[in-house]
Amino acid sequence: MKNSSRRGFMGKAFGAVAGVGAVASLYAMKRSWDPLPSVKAAGFTTLDMSAYKENELVTEKWRGKPIFVLKQTADMVKKAQANPKDMERLIKIGNDYFMVCVGLCTHLGCIPGYNPDEQSFLCACHGGMYDFTAEVTKAPPPRGLDIPPFKIDGMKLVLGEEGPEYKKMLESGTTLKV
Amino acid sequence: MAHFTKATSLHDWLNQRLAIDTLRRVLATEYWIPKNINFLWAMGMVLAITFGLLLISGIFLLMYYQPNVNLAFDSVNYTIMQEVGYGWLWRHVHGVAASVVFLIIYIHMFTGIYYGSYKKGREMIWLSGMLLFVAFSAEAFSGYMLPWGQMSYWAGMVITNLFSGGSLHADGLVEWIRGDYVPAQAFLNRFFMLHVLLIPLAILGLIGLHFGSLRIPHVNNQDGEEIDFEAEAAKYKAGDKANSKVIAFVNDFMSKDMMVVSIYLIFFFYLVFYHYDFAMDPVNFDPANGLKTPAHIYPEWYFLWSYEILRPFSTNVGLIAFAFAQVIFVLLPFLDRSPNAVPASRRGLFKFWFWAMLIDMIVLTAMGKVPPEGAFSTIGLYAALTFIGLWIALPFVTKLEKKV
């Protein structure tokens, strides 16, 4: 009896030490799977907004992700004004309106294709559709394409920095944080 | 210390130290298999052989493969395919075996379902088998990343995005899994590690468990008959082999098993030499490009059925349906409420359930391959709903079943 209770104590002591060790190792393992600091510190992308043509989709790159830039035609802006949700998604630079968003479908991350004649995006993976402001028009995507953090700097747009216009979009729920 | 005597032969020397005679008896010559079985009972051995082929071909691929985003594509498509002597053979064996192994797994699974080999003490066989299916799926997915072509990249993107949990929007988790915002070097390296070390280790362990889980309940037979293995084995050992219901695993059963394996290997190497292209998606011969999605993204054929269950619904419902499809087969022994462990043909309504499930999975597979448009979308939706409905109906269908 005396022996077995002594063994029991040793068992419990070992269990406690092993438990602490297991938790500590799991934490180290989790941290080793984290993105590296060099990856997280991935830089900023600056776009010169005077170079884009109307209704012509250009794909830029930010943090390894494709960024769609679509300069709106006067006609599109008129259509967007009829729908406040669409209008909130556009970025005004000088006298022009731009749709700037992460070009990854909000369903499962494929890149939707743009059809300039129909002024809409179609994701070939699961058939999701978006209008010219990248607001969703057909499921399965749950929401419009996400807008990356941006700051307006004259005729330039800095991706990765959070300007007041971007913060307003976050607050109003126009986009989620990317 | 045990008592050792001077060995009379190499066999005796080993036997004194490793008990090789006992091992051979327990694992082979006195491991009993029912006589009343058919060629479908050889699928386990076919799977073991296919796993061996994957392991051997994988070892040779590993010697030249480079897990680096800039080098991976060329190390596969140039170095292995064009420079390494017979490198193409290892690649085609590996690719074809990765595809065919799932065909055999599905046959093996549906054989088990048809003959009721997941009940009455055989639950652990089913559960360990399903764990093996999960491990093989993870192994197939991680291996698919390695050539770093367009399909590798975009399959990696889509599948890791599943972990964001739809509206839960757990992007942090997705980035943690990838080690980057998008699939990149960290992603390729960790999936390489999973593919060549961690998952194969898990598979080896699970194969041990799967074999072990067979020992006490023994292999099922064509009629689900409860055999008294000890009494039948005694008859066999007494020389009355004709009246015994069992035979020895080695050599009796193995000789028939290897006959099936031989036929399978002829089919297998026919595919390797003449039709390897079915396991090589042409889109994956374009190097990975994060700024261009292929027109259609679809998984390899063996994942199409579960992909099609995800596809017709909105994100959240789709994810729930997909998660349901992934785990529901595991629960089969507990959802089947009937005490009968006999072939489906003698089980009343379950017979129709079995064939409906098999046909529905084939329809889902076919619909998963075609673009999600028009009639295909509709058929896919109904097939997905049928899948879910069949599983919900299973406890009721089997509860109503009469005892045979």
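This short talk describes a predicted model that contains chains A and B.

Good morning. I shall begin with chain A, then turn to its contact with chain B, and finish inside chain B.

Chain A has five helices and 11 strands. How does the radius of gyration of chain A compare with the globule rule? The radius is 25 Å, well over the 16 Å that the rule gives for 178 residues, so chain A is more spread out than a compact globule. Its C-alpha trace spans about 90 × 35 × 25 Å along the principal axes. The domain assignment divides chain A into domain 1, residues 2-34, and domain 2, residues 40-172. The C-alpha centres of these two domains of chain A lie 51 Å apart.

Let us now consider where the two chains meet. Chain A gives 24 residues to the contact, and chain B gives 30 residues. On the side of chain A that touches chain B, the elements giving two or more residues are the strands β2 (58-62) and β3 (65-71) of chain A. Sorted by class, that side of chain A has 14 nonpolar, six polar and four charged residues.

I turn next to chain B. In the domain assignment, domain 1 of chain B covers residues 16-297 and domain 2 of chain B covers residues 303-404. Their C-alpha centres lie 23 Å apart. The contact between them takes 20 residues from domain 1 of chain B and 16 residues from domain 2 of chain B. Which elements of domain 1 each supply at least two residues of the side that touches domain 2 of chain B? They are α5 (87-115) and α6 (123-145) of chain B. That side of domain 1 has nine nonpolar, seven polar and four charged residues.

Two details of the backbone of chain B deserve a mention. In the loop between α5 and α6 of chain B we find B:Lys120. Phi of B:Lys120 is near 50°, a positive value in a residue other than glycine. The other detail is a cis peptide bond between B:Val250 and B:Asn251, with omega at about 0°. B:Asn251 is found in helix α11 of chain B, residues 249-274.

Finally, I should like to examine helix α16 of chain B, residues 374-399, with two helices that pack against it. One of them is α15 of chain B, residues 349-369; the axes of α15(B) and α16(B) are 9 Å apart, at an angle of about 155°. Since angles over 145 degrees count as roughly antiparallel, α15(B) is roughly antiparallel to α16(B). The contact includes B:Trp353 and B:Asp360 of α15(B), and B:Ala384 and B:Phe387 of α16(B). By class, this contact has 16 nonpolar, three polar and one charged residues. The crossing of α15(B) and α16(B) is left-handed.

The other helix is α13 of chain B, residues 315-328, whose axis comes within 11 Å of that of α16(B) and crosses it at roughly 50°. The two helices α13(B) and α16(B) are therefore oblique to each other. Their crossing is left-handed. Which residues make this contact? From α13(B) come B:Ala321, B:Phe324, B:Ala325 and B:Ile328, and from α16(B) come B:Ala384, B:Phe387, B:Ile388 and B:Trp391. Here the classes are eight nonpolar, no polar and no charged residues. B:Ala384 and B:Phe387 thus appear in the contact with α13(B) and also in the contact with α15(B).

Thank you for your attention.

Key. Residues numbered from 1 in each chain as written. Chains lettered and ligands numbered in written order. Predicted model: local features only at pLDDT ≥ 70, side-chain atom pairs only at ≥ 80, totals over all residues. Axes fitted to C-alpha atoms, helices over the stretch in contact; angles between N-to-C directions. Helix = DSSP H or I, 4+ residues; strand = E, 2+ residues; numbered from the N terminus. Parallel < 35°, antiparallel > 145°, perpendicular 65-115°, else oblique. Left-handed = near helix turned anticlockwise from the far one by under 90°. Contact = placed C-beta atoms within 7 Å. Nonpolar A, V, L, I, M, F, W, Y, C, P; charged D, E, K, R; others polar. Domains from an automatic or database assignment. Rg over C-alpha atoms; globule rule 2.2 N^0.38 Å.
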